Amino acid sequence: MATCAECKSFFSIPENADDFEPGKGDCVIEEKDEKGKFWLSKTTMETGGCKDFKPKA
């Protein structure tokens, strides 16, 4: 199973951030609707198993 760290939508939290934890990051997914483009973000750990997984190039 792939992990979040292997996904192009995963951005790890920098070590100097207040909410840093090893393996913690933000999953940022681009969405589109009739009004335009927007991004959804959620905090996640590097566990994987997401339906929106897209491997890094």
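## A three-stranded antiparallel sheet

β2 and β3 form a hairpin, with 2 residues between them. That hairpin is a good place to enter this structure, which is a predicted model. β2 covers residues 24-33. β3 covers residues 36-45. The two strands run antiparallel, and 10 bridges join them.

Step back to the whole chain. Its secondary structure comes to 0 helices and 3 strands. Along the sequence the pattern reads β-β-β. The protein chain has 57 residues, and 18% of them count as buried. The C-alpha atoms fill a box of roughly 40 × 30 × 20 Å along the principal axes. The accessible surface is about 4500 Å². Carbon and sulfur atoms account for 52% of that surface.

Now for the sheet. The 3 strands form an open sheet in the order β1-β2-β3, with antiparallel pairing. β1 (10-12) and β3 (36-45) stand at the edges. Each has a single partner strand, so one side of each is left without a neighbour in the sheet. From one strand to the next, the twist averages 30 degrees.

β2 pairs on both sides. Toward β1, 3 bridges make the connection, and these two strands run antiparallel. Toward β3, there are 10 bridges.

Individual pairs let you trace the register. Start at D26. Its bridge partner in β1 is F11. In β3, D26 stands opposite T43. F11, D26 and T43 can therefore be followed across the sheet as a row, by way of the pairings F11 with D26 and D26 with T43. Move along β2 to V28, which stands opposite S41 in β3. Further on, E31 has F38 as its bridge partner in β3. In a regular strand the side chains alternate between the two faces of the sheet.

Which residues does the chain bury around these strands? Three examples follow, one before β1, one after it and one in β3.

Take S9 first. S9 is found in the segment before β1. Its relative accessible area is 6%, so S9 is buried, the cut-off being under 20%. Beyond residues up to four places away in sequence, S9 touches D26, C27, V28 and I29. Two of these names are already familiar: D26 faces T43, and V28 faces S41.

I13 comes next. I13 lies in the loop between β1 and β2. At 9% relative accessibility, I13 counts as buried. Leaving aside neighbours within four places in sequence, I13 is in contact with D19, F20, K24, G25 and D26. The C-alpha atoms of I13 and G25 lie 4.9 Å apart, although 12 residues separate them in sequence. D26 turns up once more, as it is also touched by S9.

The third example is T44, in strand β3. T44 is buried as well, with a relative accessible area of 16%. Its contacts, not counting residues up to four places away, are C4, F10, G23, K24, G25 and C27. K24 and G25 are also contacts of I13. C27 is also a contact of S9. How far is T44 from D19 in space? They are 12 Å apart, C-alpha to C-alpha, and 25 residues apart in sequence.

Contacts of this kind can be put on a chain-wide scale. Among contacts with a separation of 6 or more, 38% are between residues 24 or more positions apart.

Charge rounds off the picture. The protein chain has 9 positive and 12 negative side chains. The centres of the two sets lie 8 Å apart.

To retrace the path, begin at the hairpin of β2 and β3. Then add β1, joined to β2 by 3 bridges. Finally, place S9 before β1, I13 in the loop between β1 and β2, and T44 in β3.

Technical notes: Residues numbered from 1 in each chain as written. Predicted model: local features only at pLDDT ≥ 70, side-chain atom pairs only at ≥ 80, totals over all residues. Heavy atoms only, no water. Helix = DSSP H or I, 4+ residues; strand = E, 2+ residues; numbered from the N terminus. Buried < 20%, exposed > 50% of the residue type's maximum accessible area, 1.4 Å probe, protein only. Contact = heavy atoms within 4.5 Å. Areas by Shrake-Rupley, 256 points an atom, 1.4 Å probe, with all protein chains shown as cover. Lys, Arg positive; Asp, Glu negative; His and termini not counted. Charge placed at Lys NZ, Arg CZ, Asp CG, Glu CD. Pairing = 2+ DSSP bridges. Axes fitted to C-alpha atoms, helices over the stretch in contact; angles between N-to-C directions.
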